[in-house]
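Colleague: Could you walk me through this structure, feature by feature? I would like to learn how to read each one.

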Amino acid sequence: MSKIIKLAPSILSADFAHLGKQVHEAEQAGADRIHVDVMDGHFVPNISMGVPIVASLRRVTRLPLEIHMMVTDPAFFLDEFTEAGSDSFLVHWEGNNNLHRTVQRIKALGKRVGVGINPATPAVVLEEIVQDVDQVLVMTVNPGFGQQHFIHSTLPKVRRVRQMIDELRPGCDLEVDGGIDATTAPLVVDVGANVLVAGSAIFSAKESIAAAMERIRGAVESRNTHHEGREEHEEKTSFCPKRGKRIGIFLRVLRALRG
Ligand code: DX5
Ligand code: ZN
């Protein structure tokens, strides 16, 4: 796989007393975008940051600011985050009854849009929305906190999403978030991720931000892409459009019945 891998440092693990300096350091070290985790204490059991942080960051970096909306009603906050200087929004499939409308609103604001799915959510729910988005976010931990352990069972799903993107929306970014470090980065890249969010591995490392980012990049570049039995695994876990369509119809009927 010769895709260019992008790094998106998540400031959730940054030192907020020195946020501007740390983001500047990440920018100098070649970060591709800055990942801003917004939590409302309802969609996830934690609260984090909001519009003022984005407005402050906008003044100190030219990097795209990517807003990961872990909030119950993301559409409610889009205008303020846009005015503050956000460049893209990641909204979750979970709990979003009007996902298509939310996606269209973000596009109408002229911003990049991504849809995220939690570890227990199947890839197939993306099938009817992937053609409308610029990126897909596969959570590799349950959202809400930094420094959690990577959930290995999400790997086959990342591979299925990659196959779905290649088939239905070539060029769409496939981003992973949670537990990404020099050990797990090669694993997710091997199954098709091309944007890596990393918080604690970059901002809480004992080494400098630049060295931590270089460690992740180095691990990705030197990974062994020829795992034994990979083809067999691929066969068993591949995305099947027909099966996906049936499950998609089932999910829509289920939603309709729920009202
Ligand atoms: C978790 C957030 C992540 C978080 C990742 O809900 O969405 O972006 O900052 O942190 P690490 O990289 O420490 O797992
Ligand atoms: Zn995030």
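Modeller: Happily! Keep in mind that this is a predicted model. Let's begin at the surface: Q147 counts as exposed, with 65% relative accessibility, the cut-off for that label being over 50%.

Colleague: Where does Q147 lie, between which elements?

Modeller: Its place is the loop connecting β6 (135-139) to α5. The backbone deserves a look too: Q147 is not a glycine, yet its phi is positive, about 60°.

Colleague: Now the metal. Which residues are the protein donors of the zinc ion (ligand 2)?

Modeller: They are H35 through NE2, D37 through OD, H68 through ND1 and D177 through OD, at 2.0 to 2.3 Å from the ion. Along the sequence, the spacing reads H-x1-D-x30-H-x108-D. D37 sits in strand β2 (residues 34-39) and D177 in strand β7 (residues 173-177), so this pair ties together parts 140 residues apart in sequence.

Colleague: Are D37 and D177 buried or exposed?

Modeller: D37 is buried at 4% relative accessible area, and D177 is buried at 8%.

Colleague: How do I judge the geometry around a metal?

Modeller: Start from the ideal: six octahedral donors give angles of 90 or 180 degrees. Here the 6 donor atoms around the zinc ion (ligand 2) subtend 72 to 170°, which makes the arrangement octahedral.

Colleague: And the interior: which residues touch the most other members of the largest nonpolar core?

Modeller: I11, V136 and L196 do, in a core of 64 residues. Helix α5 (residues 155-168) supplies the largest share of this core, 5 residues. Beyond its neighbours within four places in sequence, V136 contacts several residues, including V115, L126, V161 and I165.

Conventions. Residues numbered from 1 in each chain as written. Chains lettered and ligands numbered in written order. Predicted model: local features only at pLDDT ≥ 70, side-chain atom pairs only at ≥ 80, totals over all residues. Heavy atoms only, no water. Core = buried A, V, L, I, M, F, W, Y, C linked by side-chain atoms within 4.5 Å. Buried < 20%, exposed > 50% of the residue type's maximum accessible area, 1.4 Å probe, protein only. Helix = DSSP H or I, 4+ residues; strand = E, 2+ residues; numbered from the N terminus. Contact = heavy atoms within 4.5 Å. Donors = N, O, S within 2.8 Å, 3.2 Å for Na, K, Ca; no water. Tetrahedral: all angles 85-135°; square planar, octahedral: opposite > 155°, others 65-115°.
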